[in-house]
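Thanks for coming. I will go through one structure today, starting with how far to trust it and then moving to the cores, one helix and one link between cysteines.

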Amino acid sequence: MADADWLNQINPLIYRIQRKDKLALNTLYDIASGRLLSIILRIVKDRAEAEDTLQEVFIKVWEQSNKYSGTGSAWGWLCVLTRHAALDRLRSLSAHPHISTSNDDEQYLERLFTTDSTSDSHSINRCLGRLKVQTRQSVLMSFVHGYSHAELANELSVPLGTVKAWIRRGLQELKLCLAA
């Protein structure tokens with residue numbers, strides 16, 4: 001699709017999203033997410049964080065589409081919204097840096113939660129206490145209470161990708177804390 005073609009689709013899609021047209025949001029995501037992700041990556045520099053930020057941008061588009069008044073280009077409005085979200089994420093990362101995880105972290109945590117040692121339980125509780133509230137809640141609901149990621153997303157009213165990111169980061173932070 002030529003640049004002018006997809007740009008001409010943005011304004012009508014935003015107007016449809018203002019009327020809560022989910023298909024319009026999906027279409028907007030299909031045609032604009034790659035470009036918006038590249039904007040975020042230039043600021044955030046971490047792929048996982050950038051993808052989480054992109055999800056947040058599309059949630060904001062859905063919830064705040066009525067703030068687009070029609071003056072100026074909808075693409076410009078999207079870029080400003082994206083840039084602000086990326087800068088917010090960067091500030092958040094500076095205050096609370098996260099490290100990406102490896103695939104074996106979930107198995108590692110499952111073994112930890114099945115331990116019988118009192119000292120291990122104390123260490124786990126100490127490290128859980130260091131996690132952000134939503135991260136700790138997601139990890140505990142998943143591994144202690146048996147919620148699936150989809151069930152967690154529904155229960156916490158957040159996108160599935162956000163829940164997966166919280167759990168992924170939480171597992172890595174626990175692993176690092178318990179190894180220290």
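Over which residues from 113 on does pLDDT stay under 50, and how many contacts beyond four places in sequence does the model have for them? The stretch is residues 113-117, with 8 such contacts. pLDDT is the predictor's confidence in each residue, from 0 to 100, and a contact means heavy atoms within 4.5 Å.

Some ground rules. This is a predicted model, in which local features need pLDDT of at least 70 and side-chain atom pairs count only at pLDDT 80 or more, while totals for chains, interfaces and linings use all residues. Residues are numbered from 1 along each chain as its sequence is written, and side-chain values use heavy atoms, with hydrogens and water left out.

On average the protein has a pLDDT of 80, and 81% of the residues score at least 70. Helices here are DSSP runs (H or I, at least four residues), and strands are too (E, at least two), numbered from the N terminus. Among the elements, α2 has the highest mean pLDDT, 93, and helix α5, residues 105-113, has the lowest, 48. Residues 97-108 also have a pLDDT below 50, and this stretch has 22 contacts in the model beyond near neighbours in sequence.

Next, the cores. Buried means under 20% relative accessible area, exposed means over 50%, and partly exposed is in between (1.4 Å probe, protein chains only). A nonpolar core is a set of buried Ala, Val, Leu, Ile, Met, Phe, Trp, Tyr and Cys residues joined through side-chain atoms within 4.5 Å. In soluble globular proteins, nonpolar side chains tend to be buried together.

The largest core has 31 residues, and Ile-10, Ile-14, Leu-28, Val-61 and Leu-78 touch the most other members. Two or more residues each come from α1 (3-18), α2 (22-44), α3 (47-64) and α4 (74-95). The largest share, 11 residues, is from α2. If you want one residue to click on, take Leu-78: leaving aside residues up to four places away in sequence, Leu-78 touches Ile-10, Ile-14, Leu-28, Leu-36 and Val-61. There is a second, separate core of 17 residues, including Leu-152, Leu-156, Val-163 and Ile-167.

That brings us to helix α8, residues 149-156, where Leu-152, Ala-153 and Leu-156 are buried. Viewed down the axis of α8, these buried residues fall within an arc of 100 degrees, so they line one face of the helix. The arc is that of the directions from the helix axis to the C-beta atoms. The buried residues of α8 pack against α7 (133-143) and α9 (160-179). On the face turned away from the buried side are the exposed residues Ala-150 and Asn-154.

In the loop between α8 and α9 we find Ser-157. Its phi is positive, near 55 degrees, in a residue other than glycine. Ser-157 counts as exposed, at 65% relative accessibility.

Last, the cysteines. A disulfide is a pair of cysteine sulfur atoms within 2.5 Å, and by this rule the count comes to 1. The partners are Cys-127 and Cys-177, with sulfur atoms 2.0 Å apart. They link distant parts of the chain, 50 residues apart: Cys-127 is in helix α6 (residues 118-129) and Cys-177 in helix α9. The link is left-handed, with -80 degrees about the S-S bond. Cys-127 is buried at 2% relative accessible area, and Cys-177 counts as buried at 9%.
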